[in-house]
Amino acid sequence: MTEPFRQAVRPREVPVDARPGHPWLFFNQELSWLDFNRRVFEQARDPGLPVLERVRFLGITASNLDEFVQKRIGGLRRQEAAGVTRTGSDGRLPSEVLALTRSATRRMETGIDRYWQEELKPLLAEVAGVRLLDYGTLTPAQERELTLYFRKHLYPILTPLAVDPGHPFPFISNLSLSLAIEMRHPDSSALHFARLKVPVHSERWLPVRGAGTELGFVAIEEVVRHNVAELFRGMEILRVHAFRVTRNADIEREEEEAEDLLAMISEELRERRLAPVVRLEVEKAMPPHLRALLLKELGLGVEDLVELTGELALADCIAFGSLPLPDHRPDPWEPVAAERLGLGELEAAAERDIFSVLREGDILVHHPYESFSSTALRLLQEAALDPAVLAIKQTLYRTSDDSQVIGALLRAADQGKQVAVMVEVKARFDEQNNIEWARMLETVGAHVTYGIVGLKTHAKALLVIREEDGHPRTYCHIGTGNYHKENADAYTDLGLLTSDPEIGADLVNLFHYLTGYAPAQSYSRLVVAPGMMRRSFGELIGREIANAREGRPARIVAKMNAIDDPRIIRRLYEASRAGVSIDLIVRGHCCLRPGLPGHSENIRVVSIIGRFLEHDRIFYFENGGEPVFLIGSADWRRRNLDSRVEAIAPIDDGALKAQLARVLELALADNQLAWELSADGRYERRRPAAGERPVQLHESLMEDARLRRWSRVPGGGATRAHTVRVAPAASAPGEPGGGRRPAARPADDVRPVRASRSARASA
């Protein structure tokens, strides 16, 4: 195993006599999130990964940190100003958490900067021949080429803004890259200051022609810096230094008082642009008097200042991960068509409509191993053109810029079908995109709603109503991820495609709730938040507690993005004390402390960070030998259970349960990508022990998908490959009793399991 690292701040020691709700039984949410980003950073430091992938992960780490500062640092500052006395379940004051997170983020920012300058940037040049060039290393021909580029493409759009008694300090937009310029007139000793915004919206890294096969790039701010004198003719340029500001994105809403939710969100976007600055990043070489000027004008203290030795805005390094250098990137992955929707299945897929396939049984699709285009998107596109389809209803939380999803909805509305879309305009950082999609849909006659006051609609649901034999029949997709093609290629998400009439009826009720007034809506199969989801999970955990106390098998396995809900955590502690074996696969922040004597000895927590972003949510309950499996959009977070509309669906078919069980078993067995959390806050990366078989979740599931693709090709052999199943036996995923790293069983060692009707209903 690699050297473990502790939380951003060492957690407090739990008193021996601590009661179940004692605040020191919880990790702090913000500090736990920073630990997650540290695990992402470790991917950039992993010498086993191709260099472009490492650079991509460094960019992701920096991008994550930018978002954290906007949302969490900004939110903590607002809480501190409002006099909030407690910010989380761990009992810390906002001022205390703010001080801790500022210190931790500064260490992370400087660590990213140093690693880029000292390790990755030189390695990128040495291994891949990709050089980020300084102006001093350019040839005269390269300098001339960049000067011509500056004059043709940059000079006309640049806007130098002087600061003097006639020109107040300019507004500086969020995350914009700027140059602070100090100059003087040759006939005067007076110093003058100007700010220049760098137009990074075009290209941050400009290619320059070099010798041989090497790729050379120059940062656009360097091109502007070395040609800045052309903007201030007649002045002597003394110094030019880059800086960058981050503004608060945690804006308080007054939804109850808003007459128009769309207008309120539009106003919020304007307010976010003007929101207070919460961080100033500067080049380390910037002299003290210029830093002091910026801090004063931006209303910041020295605690908000971050000094960096190299390029600012390293999130832009993500672009290097896409360079056409296959030897220095992971092998490309092409998702396969989902089973029963691909080549060689009874008839060619093109000759069978998706509705006839779903009438034969449910399909569980796992992205990015199986394609979005052949499943959820195919259902929507076929429904848009099918004359028998009467209506399409869908939730949209995020979707891609060039969205085939929107295109299909527009076609459906244009063909006269009833189209109802719940567009969540409160999806953070996607508000403007969603407003534009909503207006586009409205212009073709689609029914568009913008959410429920006080709630975000985070459920991932698509409902198609088709007339068959003179009666309406429902076809549904319920997923864990957004209807976003690019996300589906990079995030691991699950989707259930079904024609189950009960689930269809539940979705009809859910959309009536979303578009009309039905606060007391009921559901027979779906688990919906807010309201019933918290209660349902509490009952399912309670059943495992009762079974454990009666000496029956009791096991919980839950895979999610994050866990911070104090009531769920206390319930899991109770289950652990009762003897329930609990495994949590939590990618992001985790406020639960596993392995605490007297509280959580029977709880294990792992985090998996790798090529794909783990985003699917799977919930497994042993249920006395009649296992319950659920998938859906919600994490065990307070916001998901109480402040969002979420939908979770039961999985009943034995073969589909086996698919989920295999995912869980491989995740728990992973000894390549998995990090294990201990009670003292350390995350330790798993490595195979001597003689132990390496298990890597993403590679294993890609290999499963390859075998399924091969089995469908005529003459490809391996006819049994697409039926691989790993289902729970006596105690669910892993060996009986829940070993630390259970090995995945071979297909011949398992049998499908099916939940009883009573178990499904209670979920």
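Let's start with the nonpolar cores. The largest one in this predicted model has 85 residues, and Leu572, Leu584 and Trp636 are the residues with the most contacts inside it. Helix 2 supplies the largest share of this core, with 11 residues. There is another core lying apart from it, made of 56 residues, among them Val336, Leu364, Tyr513 and Phe629.

Now, on to the aromatic rings. How many aromatic pairs does a search of the whole structure find? The count is 16. Let me show you two of them in detail.

Please look at Trp33 and Phe68. These two rings are stacked, with 4.8 Å from centre to centre and 10 degrees between the planes. Trp33 belongs to helix 1, residues 29–44, while Phe68 belongs to helix 2, residues 51–82, so this contact ties together parts of the chain that are 35 residues apart in sequence. And are these two residues buried or exposed? Both Trp33 and Phe68 are buried.

The second pair is Phe355 with Tyr475. Here the ring centres are 4.9 Å apart and the planes meet at 65 degrees, so we call this one edge-to-face, the cut-off being over 60 degrees. Phe355 sits in helix 8, residues 354–359, and Tyr475 sits in strand 16, residues 471–479, so the pair ties together parts that are 120 residues apart in sequence. Phe355 and Tyr475 are both buried as well.

Rings can also join up into groups: Trp116, Trp205, Phe217 and Phe320 are linked by ring pairs into a cluster.

While we are on rings, have a look at Arg45. Its charged end sits over the ring of Phe41, 5.8 Å from the ring centre. Arg45 also lies over the face of Tyr115, at 5.3 Å from the centre of that ring.

Next, the sheets. One is an open sheet of 6 strands in the order 2-4-3-7-8-9, with mixed pairing. Which strands are at its edges? They are strand 2 (161–163) and strand 9 (305–308), each of them pairing on one side only. From one strand to the next, the twist averages 30 degrees. Within this topic, strand 3 (residues 177–184) and strand 7 (residues 236–247) are an antiparallel pair with 8 bridges. If you want a place to zoom in, Ala180 stands opposite His241 in strand 7.

Another open sheet has 3 strands, in the order 1-6-5, and its pairing is mixed too. Strand 1 (130–132) and strand 5 (205–208) are the edge strands with a single partner each, so one side of each has no neighbour in the sheet. Direction ignored, neighbouring strands here are turned by 35 degrees against each other on average. Strand 5 pairs with strand 6 (residues 215–219) in the antiparallel sense over 4 bridges, and Val208 stands opposite Gly216 in strand 6.

Last, the cysteines. How many disulfides does the count come to? The count is 0. Why does Cys591 have no bond to its closest cysteine sulfur? That sulfur belongs to Cys590 and is 6.9 Å away, which is too far for a bond; the cut-off for a disulfide is within 2.5 Å. Cys591 itself is buried, with a relative accessible area of 4%. Cys476 is buried too, at 0% relative accessibility.

That's the tour, and I'm happy to go back to any of these views.

Key. Residues are numbered from 1 along each chain as its sequence is written. This is a predicted model: local features need pLDDT of at least 70, side-chain atom pairs count only at pLDDT 80 or more; totals for chains, interfaces and linings use all residues. Side-chain values use heavy atoms; hydrogens and water are left out. Rings of Phe, Tyr and Trp (its six-membered ring) pair if their centres lie within 6.5 Å; planes under 30 degrees apart count as stacked, over 60 as edge-to-face and the rest as tilted. Helices (H or I, at least four residues) and strands (E, at least two) are DSSP runs, numbered from the N terminus. Buried means under 20% relative accessible area, exposed over 50%, partly exposed in between (1.4 Å probe, protein chains only). A charge sits over a ring if NZ of Lys or CZ of Arg is within 6 Å of the ring centre and within 35 degrees of the ring normal. A nonpolar core is a set of buried Ala, Val, Leu, Ile, Met, Phe, Trp, Tyr and Cys residues joined through side-chain atoms within 4.5 Å. Two strands pair if DSSP finds at least two bridges between them. Axes are lines fitted to C-alpha atoms, for helices over the stretch in contact, and angles run from 0 to 180 degrees between N-to-C directions.
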